Amino acid sequence: MAALCESFTLCGLGPSGGVGLGGGLLALEPGPDPDHVLLTDRGRTATLFKVSDQKPLGCWSVKHGQIITCPVVCNFETHEYIAVHDDKVLRIWKSSDINLDKVFKATLSADVYRIHSLPSGGPVVLFKGGGVRTLDVLLEAPQQEIENIISDEVIKWSEAFMEGQQPVLIFATEKDGDFFVYVQKLKMNSLHKYKFEQQELSKPLSFTAYIKNQIVTLLCLYSNDAVYRVLIPLQQNSEEEEQILSKSLLLNLSVSGSVLKGTSFVVLDKDHIAVLGSLAASGEESKECLTIWNTKFQTLQTSKELPLGTSGQLWCYEEKFFFTHGKVLTVIMYKCETSSLAAAVGKLKDSQTPDVSSFVNWNTLGDEELVVSFQSQQSVALKSESKMNLRSKRSIVAKVQPDTLSVGQLLLNLKDASTTVFEDELRQLMSKAQTPDFQATIGCVITALINRCKTNPKYYPRNFLLQIVQNRDLSYSLCPDLMAVALEKKDVHLLQICLQRFPDIPEEITYACLKVFLSISEAYLQRIDVNLESVICYIDIEFDNKEVKSEILENGFNAEMEEDIWDTKITKETHLTADGEFCPVGPQKAALLNAVLHSAYSETFLLPHLKNLPAQQVVLFLRYLYYLYVKCSEKINTTLPGIHSPTINQIMDWMCLLLDAHFTVMVMLPEAKELLSNLHKFVRAQVRFYSELNKIEGSLRELQRLNHQKDSQTYSIEVLELI
């Protein structure tokens, strides 16, 4: 099963990146880090981007009048960047270099088609005449003669691979309508040429390949809207100068009368490919879209319409698609799961866990559909029973031994059972010895509880759910409706535990929890049970719920030394004083907010939600974060005591997120004026303090060096002057 997930814009493109102008992007290559990509435009510039932050890390350009003629690549062994401009001029530089006119330069004797960089094999240079050199060999003598292998043929595509310790280069050429493939092993200096089997009225448009078990699998997208597969063995003993390659049909790009006119494609795994192109039905206007196909079962798995148009180029790295969409470069994440017939037709059932149905939805499925989702050998008998018989069977569920039933059957039989019987059976089910299916079983139990909550609004097994979450290693994806129901019931304790234990909570749910925590009154929170272990060690509470004032020694900060640059007046509307002495929220709310601070998130997906947070709640949260910031600064190691206490980095990251999302509002809001002033003064004081420390850093290192050099065996007094 394959699916398209979240999408976002990596960057905008220049005027040449508009629709109909061929695209402004020459190529996209992996960077030195899995989260980095290297963009080369159709002009003078190469840019390194960090994908998760959508931020450029470096940008380099050749001089006016020069043009980068092949994609810039990264040498993964040296972390250097390699470019070719004006076909023959090679440039090599590091990320710290700024001016490409001052970096290494070598003029080659032949035109370069492309450079391929292998993670463990180094860069490989392919020339337009078909000659191949490793970069190391080429740099030994840049003006060495390069042989012309392909004469009048034109290279259409190339790719490099590592087969064991052997670099292998594959490239396809075209001449007078005939297509050829060359396979070259660099270390063995062996080259084999193959000719494509001719096909009337169609020709290859795009290529991709992979190597497995000494066999090159070459996939070709043809103009007749089909993908063909060609197998080329790497071990060749034949002396034939040119062999004819036979191809087999892999996939027809048509579904329900619509045909996909593909322009480029990539291989995702052994059973899935992604194709970018125009999908058109007879009599309808074609629409550009990104599609994922299951080649094993010949099915279209998913598609996404791209109304702004694309350049026809598609790249895929680290489970992300990259393509131009209108005047921006878009990134779409995807996931591919084990290919099965059930997944291909949308009725997935995990063959490794036949006793468990994780997809039971009692609100949408009828009784007979429920039966089908359980064990195949028992489903036929159950399906033949009438609904009346099923209900009779459920009425005596307490008398049935759970060991004789699959999990799916047991849950089905419990659908109409009483609350007591229902929970007792589920507890008994969870008390069994753990099996490989145990996690899925727990997921089914929670799903059963949540579905009963939905059908019966008065039913909410709070303690049961808490017990499961606290004692089992679960995740959000295993029980996605759990936190939604907890939010609806305002069960803040359960939400707190989920935030602390679930590693994969979506940013939308994290934001919803934050909003609920900030909106609930302190009086209400005092009446409910909340885990206070993250705050009890640094918030001291008196019986009237006021914090005991304690002496604060801030790192380098003295309020008397700082000017109030906004001339603000001290107010007493909250517990927070100008010195940040009092916590602006009660201990229960502080513990809940700490759970939010601990949850994992992506800034890209969280920031749009934070912009919807009401201004008053933003101010309150910022005040609490400022309080934590001051508390952390009291400690030498800037670490708060206690279990699950937030770290200084988490506090700073959330402060920056809130200010990014609401800076204009905060500047204009009178209630935030004093807070922003305090933040400014405190940060400025700490910057000054660390600046003073940096001034004596060199002297301290010199003192440490002198102490290591002199090992005094007797007592002595030395006077050292620090200048």
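Two strands pair if DSSP finds at least two bridges between them. Helices (H or I, at least four residues) and strands (E, at least two) are DSSP runs, numbered from the N terminus. The model is predicted: local features need pLDDT of at least 70, side-chain atom pairs count only at pLDDT 80 or more, and totals for chains, interfaces and linings use all residues. Residues are numbered from 1 along each chain as its sequence is written, and side-chain values use heavy atoms, with hydrogens and water left out.

**Exercise 1.** Describe the sheet that contains β17, and place Leu 219 in its surroundings.

Solution.
- Step 1. The sheet is open and has 4 strands in the order β17-β18-β19-β21, with antiparallel pairing. Its edge strands, each paired on one side only, are β17 (204-212) and β21 (248-252).
- Step 2. Neighbouring strands in this sheet are turned by 25 degrees against each other on average, direction ignored. Axes here are lines fitted to C-alpha atoms, for helices over the stretch in contact, and angles run from 0 to 180 degrees between N-to-C directions.
- Step 3. Strand β18 is joined to β19 (residues 226-233) by 8 bridges, and the two run antiparallel. Opposite Val 216 stands Ile 232 of β19.
- Step 4. Leu 219 belongs to β18 (residues 215-222). Its relative accessible area is 4%, so Leu 219 is buried (buried is under 20%, exposed over 50%, partly exposed in between; 1.4 Å probe, protein chains only).
- Step 5. Leu 219 and Arg 229 are 10 residues apart in sequence, and their C-alpha atoms are 4.7 Å apart in space. Apart from neighbours within four places in sequence, the contacts of Leu 219 (heavy atoms within 4.5 Å) include Phe 207, Tyr 228, Arg 229, Leu 250 and Phe 265.

**Exercise 2.** Locate the largest nonpolar core and say why it lies between two domains.

Solution.
- Step 1. A nonpolar core is a set of buried Ala, Val, Leu, Ile, Met, Phe, Trp, Tyr and Cys residues joined through side-chain atoms within 4.5 Å. The largest has 80 residues; among those with the most contacts inside it are Phe 502, Phe 621 and Trp 654.
- Step 2. Helix α16 (residues 615-634) gives the most to this core, with 12 residues.
- Step 3. The core lies between domain 2 (407-489) and domain 3 (490-537 + 582-668) because both give residues to it; the domain bounds come from an automatic or database domain assignment.
- Step 4. Beyond residues up to four places away in sequence, Trp 654 touches Leu 514, Val 596, Leu 597, Tyr 601, Leu 606, Leu 610, Phe 621 and Leu 625.

**Exercise 3.** Is Asp 491 buried or exposed, and with which side chain does its own side chain make a polar contact?

Solution.
- Step 1. Asp 491 sits in the loop between α10 (482-489) and α11 (492-501).
- Step 2. Its relative accessible area is 5%, so Asp 491 is buried.
- Step 3. The side chain of Asp 491 makes a polar contact with that of Tyr 460 (2.7 Å). A polar contact is a pair of N or O atoms within 3.5 Å; within protein, one must be able to donate a hydrogen and the other to accept it, and residues adjacent in sequence count only if both atoms are side-chain atoms.
- Step 4. Leaving out neighbours within four places in sequence, Asp 491 is in contact with Tyr 460, Arg 462 and Ala 486.
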